[in-house]
Amino acid sequence: MTRRSITVPIVLLVIAAALIATTTQFTIMFNGPPPGPGPLPLARVAEALRTGIVPPTARARMTVTRTNEDKFGRQDERPSPARDAAIARLMEVPAERIHGLYQLPARDPEQDMRGSFTVAMENGNGWIVASSVYRPTFTRWHLARLLGMLGTLLVLSLLAWAVARRISRPIRDLAGAATRVRLGARQPIPQRGPREVHELAIALDSMQERILLEAENRSAMLGAIAHDLGTPLSRIAFWVEQLPDAARLRAEADIEEMRAMLKAALAFTRDGRDGASHARLDLGSLIESLVDDLAAAGKPVSVEPGPRAVVRGNSAALRRLFANLIENAVRYGERAWLHWSLGEATVDVLVEDDGPGFDLARAEALFAPFVRGETSRSRETGGTGLGLAIVRSVAEAHGGTVTLENRLGGIGGRVRVRLPT
């Protein structure tokens, strides 16, 4: 299948816009200049002042009135004695009887009148005033042309919007697929759209394959190392039995810590990558059951019942996720308190404690494997550094997210797990 380049619709849009705009401008030009008063011969003005009647050929340009006041004219009109004298010669009257104001005084006073004017002649009983008909600046002609331009702009905008949507839709689909990529599950990358987007999709799909393969190789190596270390640890535990009691107790504690680290490492390599099937389950019932089990074992943990939340997931992996969060909350914050709320197609589960909270500047780093929030490396206060890494791995395997927050007032930490319902 031959795919068109992304430049083709863009070039076609530019050509179409140029053609439409040129056609509109040509239409306006073809219809002529804006309607306005044409030139008016001086003889017509002189005739109107002499008779007091507007000639039929000048009725669209001029009106004649009589007044006793000597104030007349418009703001943009100026006197022109030469033009007054030319009109007086045509009327064969003294120039002193003619008082005119003109918007566009001509170099040659004998030329036809252009623009607005007001010419008055004194007749002994008052004034006979001949003035041009007032025409607004914005006429129906201008309105029609403005509507034509706005219509052209609307057509071009709709055309540009349609082309932009057609170009951007495969890019948005590609971006959405890229954001859903996670370790342990191959995400189908849509390979449609213009040639450049199609090539980008192929490159992303190839990159995803390489990343997944590298991650699987690293996980397999980590799992193999963790598994193989179990045998020498068992032999060491056998020889440790022959040590004196004090040394033996310390050595056994070290061995148990190493076994816990290996167990966590093996869990980390499995979670989200073991291909376990997901089924519909009641998340609230799962959390309440886990809390009851941990409380019966003496853990200071409680849960506030919430609305029914049904999710698709693996119950064992989700129990491990919340068990890790509860263990961290109890270790660093003395107690754990869980509650949840429903959003739009999501459920937010909050695990809170009474500890010092989180350093939000290091929040992202705390999710990395073998990174601990407590840096003393003490056996009593710290874990393996894989708890939050496993939590994020399981959450992402279920299409969710995990964020670290601090409770209002700065007392206690809060972990927010958001899962799709």
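Which strands form the open sheet, and in what order? Select E1, E5, E4, E3 and E2: these five strands make an open sheet in the order E1-E5-E4-E3-E2, with antiparallel pairing. (Helices, H or I and at least four residues, and strands, E and at least two, are DSSP runs numbered from the N terminus; two strands pair if DSSP finds at least two bridges between them.)

Before you click further, note that this is a predicted model, in which local features need pLDDT of at least 70 and side-chain atom pairs count only at pLDDT 80 or more, while totals for chains, interfaces and linings use all residues. Residues are numbered from 1 along each chain as its sequence is written, and side-chain values use heavy atoms, with hydrogens and water left out.

**Stop 1: the sheet, from its edges inward**

Colour E1 (62–67) and E2 (78–79), the edge strands, each of which pairs on one side only. From E1, step across to E5 (127–132). Six bridges hold this antiparallel pair together, and if you pick Arg66 you will find Ile128 of E5 as its bridge partner.

Stay on E5 for a moment. Six of its six residues are buried, where buried means under 20% relative accessible area, exposed over 50% and partly exposed in between (1.4 Å probe, protein chains only). Show the side chains and look at both faces: Trp127, Val129 and Ser131 are buried on one side, and Ile128, Ala130 and Ser132 on the other.

Next comes E4, joined to E5 by five bridges, again antiparallel. Ala120 has Val129 in E5 as its bridge partner. Follow the chain round between these two strands and you pass through a hairpin with four residues between them; Gly124 in the turn has a positive phi of about 95 degrees.

Now move to E3 (98–102), which runs antiparallel to E4 (117–122) and shares five bridges with it. Gly100 is a handy one to click, since Val119 in E4 stands opposite.

**Stop 2: what lies across the sheet**

Turn on H2 (42–51): this helix lies across E1, E4 and E5, running at about 30 degrees to E1. Then add H3 (81–91), which lies across E2, E3 and E4 at about 130 degrees to E3. (Angles run from 0 to 180 degrees between N-to-C directions, and axes are lines fitted to C-alpha atoms, for helices over the stretch in contact.)

Select Ser80 in the loop between E2 and H3. Is Ser80 buried or exposed? Its relative accessible area is 11%, so Ser80 counts as buried. Leaving aside neighbours within four places in sequence, Ser80 is in contact (heavy atoms within 4.5 Å) with Gly100, Tyr102 and Pro105.

**Stop 3: a helix pair**

Hide the sheet and show H9 and H10. Their axes are 9 Å apart and they pack at an angle of about 145 degrees. The crossing is left-handed, meaning that the near helix is turned anticlockwise from the far one by less than a right angle; clockwise would be right-handed. To see the contact, pick Ala317, Leu318, Arg320, Leu321, Asn324, Leu325 and Asn328 on H9, then Gly387, Leu388, Ile390, Val391, Val394 and Ala395 on H10. Sorted by class, that is nine nonpolar, three polar and one charged residues. (Ala, Val, Leu, Ile, Met, Phe, Trp, Tyr, Cys and Pro count as nonpolar, Asp, Glu, Lys and Arg as charged, and the others, Gly among them, as polar.)

**Stop 4: salt bridges**

How many salt bridges does a search of the whole structure find? There are 15, a salt bridge being a side-chain nitrogen of Lys or Arg within 4 Å of a carboxyl oxygen of Asp or Glu.

Start with Asp173 and Arg192, whose closest N and O atoms are 2.9 Å apart. Asp173 sits in H4 (140–179) and Arg192 in the loop between H4 and H5 (195–228), so this pair ties together parts 19 residues apart in sequence. Both are partly exposed: Asp173 at 26% relative accessibility, Arg192 at 45%.

Next, select Arg335 and Asp354, a salt bridge with its closest N and O atoms 2.6 Å apart. Arg335 is in the loop between H9 (315–333) and E9 (336–342), while Asp354 is in the loop between E10 (346–352) and H10 (387–397). Arg335 is partly exposed at 26%, and so is Asp354 at 32%.

Keep Asp354 selected and add Arg407: their side chains meet in a salt bridge too, 2.8 Å from N to O. Arg407 lies in the loop between E11 (401–406) and E12 (413–420), 53 residues from Asp354. For a last view, select Arg335, Asp348, Glu352, Asp354, Glu405, Arg407, Arg414, Arg416 and Arg418, which salt bridges with shared partners join into one network.
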